[in-house]
Amino acid sequence: MLVDDSRVVYIQMKQILENSNYEIVEYCSSGEEALEKYSKARPDLVTMDIIMPGMDGLEAAWLLKQEHPEAKIIMLSSLAYDGSYDEAEHIGAEAFIAKPFDPQELLSTLKKILG
């Protein structure tokens, strides 16, 4: 599941995953939408942007982990400062990748988390 308010990121992610064993099963443009759709989609992993309209990604990730502790989350954000890394770790995110992200870093992180 990809949670990001940028369609550009959606297109980039789709292209990166095109020739891999991974696919986007659900695209959400807000934290609220991700919380609504997670239970139905049951994705293996969620990539979550931080800065989005309405609920930010850190709050959405925290709420998602409260309701679904098994959820695996990678924070993907251009807001890569020590506080956001620390908060993502505290929430229980499996990884934090800074934007713009390297396709190989993304794929290796997915492989590490999903096996």
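Begin by selecting Cys28, which is found in strand E2. This is a predicted model, and in it Cys28 is buried, with a relative accessible area of 0%. If you display the surroundings of this residue and leave aside its neighbours within four places in sequence, you will find it in contact with Met1, Leu2, Val3 and Asp4, and also with Glu33, Ala34 and Lys37. For a distance to draw in the viewer, take the C-alpha atoms of Cys28 and Tyr38, which are ten residues apart along the chain and separated by 9.7 Å.

Move next to Ser29, which lies in the loop between E2 and H2. Is Ser29 buried or partly exposed? Its relative accessible area is 32%, and Ser29 is therefore counted as partly exposed, whereas Cys28 is buried. Not counting residues up to four places away in sequence, Ser29 touches Asp4, Asp5 and Met52. A line drawn from the C-alpha atom of Ser29 to that of Val46, 17 residues further along the chain, covers 13 Å.

Now step back and colour the model by secondary structure, which comes to five helices and five strands. Followed along the sequence, these elements give the pattern β-α-β-α-β-α-β-α-β-α. Hide the helices for a moment and look at the strands: the five of them form an open sheet with parallel pairing, in the order E2-E1-E3-E4-E5. Strand E2 (27-28) and strand E5 (95-98) are the edge strands, each of them pairing on one side only. As background to this view, strands of a sheet pair through backbone hydrogen bonds, either parallel or antiparallel.

Within the sheet, select strand E3 (residues 46-48) together with strand E4 (residues 73-77), which run parallel and are joined by three bridges. Two of the facing positions can be labelled directly: Val46 has Ile73 as its bridge partner in E4, and Met48 stands opposite Met75 in E4.

Keep E4 selected and show its side chains. Which residues of E4 point one way, and which the other way? Ile73, Met75 and Ser77 point one way from the strand, while Ile74 and Leu76 point the other way, and all are buried. Because five of the five residues of E4 are buried, the strand is largely enclosed by the rest of the structure.

From E4, go to Ala93, which lies in the loop between helix H4 (82-91) and E5. Why does a residue in this loop count as buried? The relative accessibility of Ala93 is 16%, and buried means under 20%, so Ala93 falls in that class. Not counting residues up to four places away in sequence, Ala93 touches Ile73, Met75 and Ala88, and of these Ile73 and Met75 belong to the set that points one way from E4. The C-alpha atoms of Ala93 and Ser108 are 15 residues apart along the chain and are separated by 16 Å.

Two stops concern the backbone. At the first, select Lys99 and Pro100, where the peptide bond from Lys99 to Pro100 is cis, with omega near -5°. Pro100 is found in the loop between E5 and helix H5 (103-114).

At the second, select Arg42, whose place is in the loop between helix H2 (31-41) and E3. Phi of Arg42 is near 45°, which is a positive value in a residue other than glycine. Arg42 counts as partly exposed because its relative accessibility is 45%.

Finish by zooming out to the whole chain, whose C-alpha trace spans about 35 × 35 × 25 Å along its principal axes. The radius of gyration is 13 Å, which agrees with the value near 13 Å that a compact globule of 115 residues would have. Of these 115 residues, 45% count as buried. Among the contacts with a separation of 6 or more, residues 24 or more positions apart account for 58%.

With the surface switched on, the protein exposes about 6,400 Å², of which carbon and sulfur atoms supply 48%. Colouring by charge gives the last view: there are 10 positive and 21 negative charges, and their mean positions are 8 Å apart.

Conventions. Residues are numbered from 1 along each chain as its sequence is written. This is a predicted model: local features need pLDDT of at least 70, side-chain atom pairs count only at pLDDT 80 or more; totals for chains, interfaces and linings use all residues. Side-chain values use heavy atoms; hydrogens and water are left out. Helices (H or I, at least four residues) and strands (E, at least two) are DSSP runs, numbered from the N terminus. The radius of gyration is taken over C-alpha atoms; the globule rule is 2.2 Å times the number of residues to the power 0.38. Buried means under 20% relative accessible area, exposed over 50%, partly exposed in between (1.4 Å probe, protein chains only). Contact means heavy atoms within 4.5 Å. Accessible areas come from the Shrake-Rupley method with a 1.4 Å probe; for residues, only the protein chains shown count as cover. Lys and Arg count as positive and Asp and Glu as negative; His and the chain ends are not counted. The place of a charge is taken as NZ of Lys, CZ of Arg, CG of Asp or CD of Glu. Two strands pair if DSSP finds at least two bridges between them.
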